[in-house]
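Please examine the model below before reading the dialogue.

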Amino acid sequence: MNTQTMSELGRGRMKQLSDLFKVKPGSTVTLPRDFDPAFVAGYGPEGGDKAKKALRQGVEILAEYQDRLAAQDMHGLLVVLQGLDAAGKDGTIKHVMSGVNPQGVDVHAFKVPSTEELNHDYLWRYALKLPARGKIGIFNRSHYEEVLVVRVHPELLEREHLPPETRDRGIWQRRFREINDWERYLVANGIHVVKCFLNISREDQRQRFLARIERPEKNWKFTAADVRERAHWDEYQKAYSEVLTGTSTDHAPWHVIPADHKWFTHIAVAAVIAHALIKIDPQYPVVSPQTRKDLDAARRLLLAEAPTGKKP
Ligand code: AMP
Ligand code: MG
């Protein structure tokens, strides 16, 4: 098989995988009913040839397209990663981005907002960290926390200095609309948006928390607050269901990524990002006839400088 056909097959695989996880715009999502966190789409077993090849292909396509994205310097790609604690967001970034040039990627993790951030409109701090043209920006948690953790904990909304009349029952649907509008504006201006929700099961979160407590090198990843959040499991499933229903759009679709098997999460997220880049289809700039002439002249000068007896 020639290289051309192989890369076409690779691109086809990325689309196929990406489409498996996409939340159809306009559909109603109910978690955990609609998506199986343990799904591996026939890519098992872990470490098998099929699994290894799929990840390698994804990472290679990512590296190739990221180079083109940077060279063209026209489009940006924002990757939104959401998921409950221990869903695997950090590990996914580490594995999926292993092959790309670090200069072309910015990762931002969003934590509890600072006083300064709370003194601005809720999208402000996310707008500040958007990727530039030519870059991939990864949001490890994102503006979606504003309709997830803030919804599950109404006291957080109290801290946002909002005019009282905006804190009515319609606030969440309004935020969905505002987020959809903001993302539409970004995409229309060349900053593309792709969103992944890492869908972990309750049982696997329990096991990962236990590992974080029992293994000293993982202790730093665990706080008592994580177990308190776990007590709100059902509220989070409901809030996520509404987010996926209300904000998966044609311009910025959500993907529900099975997260119980880390190795498959990495394959799936690599495929979703690779497919998003393939759709952007960035091109290396073609040099103008004048630049071609300048390059040829420079080449002649450099060749003429070769020391005697050395190959040019
Ligand atoms: P981690 O990702 O484990 O480092 O934790 C970050 C914490 O910050 C999580 O508990 C998030 O829910 C919380 N967080 C992130 N964004 C917001 C926000 N906009 N408002 C309140 N809490 C947030
Ligand atoms: Mg945490």
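The dialogue treats a pocket, a nonpolar core and a helix in turn.

This is a predicted model, in which local features need pLDDT of at least 70, side-chain atom pairs count only at pLDDT 80 or more, and totals for chains, interfaces and linings use all residues. Residues are numbered from 1 along each chain as its sequence is written, and side-chain values use heavy atoms, with hydrogens and water left out.

Student: Which helix supplies the largest share of the lining of the second largest pocket?

Tutor: A pocket is an open set of points on a 1 Å grid over the protein atoms alone, where a 1.4 Å probe fits, with protein on both sides within 12 Å along at least five of seven lines; lining residues have an atom within 4 Å of a point. Here 14 residues form the lining, and those nearest the centre include Met6 and Gln57. Helix 1 (3-21) and helix 2 (49-72) each give at least two residues (helices are DSSP runs of H or I, at least four residues, numbered from the N terminus). The largest share, seven residues, comes from helix 1.

Student: Which helix gives the largest share of the largest nonpolar core?

Tutor: This core has 78 residues (buried Ala, Val, Leu, Ile, Met, Phe, Trp, Tyr and Cys joined through side-chain atoms within 4.5 Å; buried means under 20% relative accessible area with a 1.4 Å probe, protein chains only). Phe264, Ile273 and Leu277 touch the most other members. The largest share, 14 residues, comes from helix 12.

Student: What distance does helix 11 reach from its first C-alpha to its last?

Tutor: Helix 11 covers residues 233-247, 15 residues in total. Its reach is close to the 21 Å expected at 1.5 Å a residue (1.5 Å times one less than the number of residues). The helix reaches 21 Å.

How values were computed. Chains lettered and ligands numbered in written order. Buried < 20%, exposed > 50% of the residue type's maximum accessible area, 1.4 Å probe, protein only.
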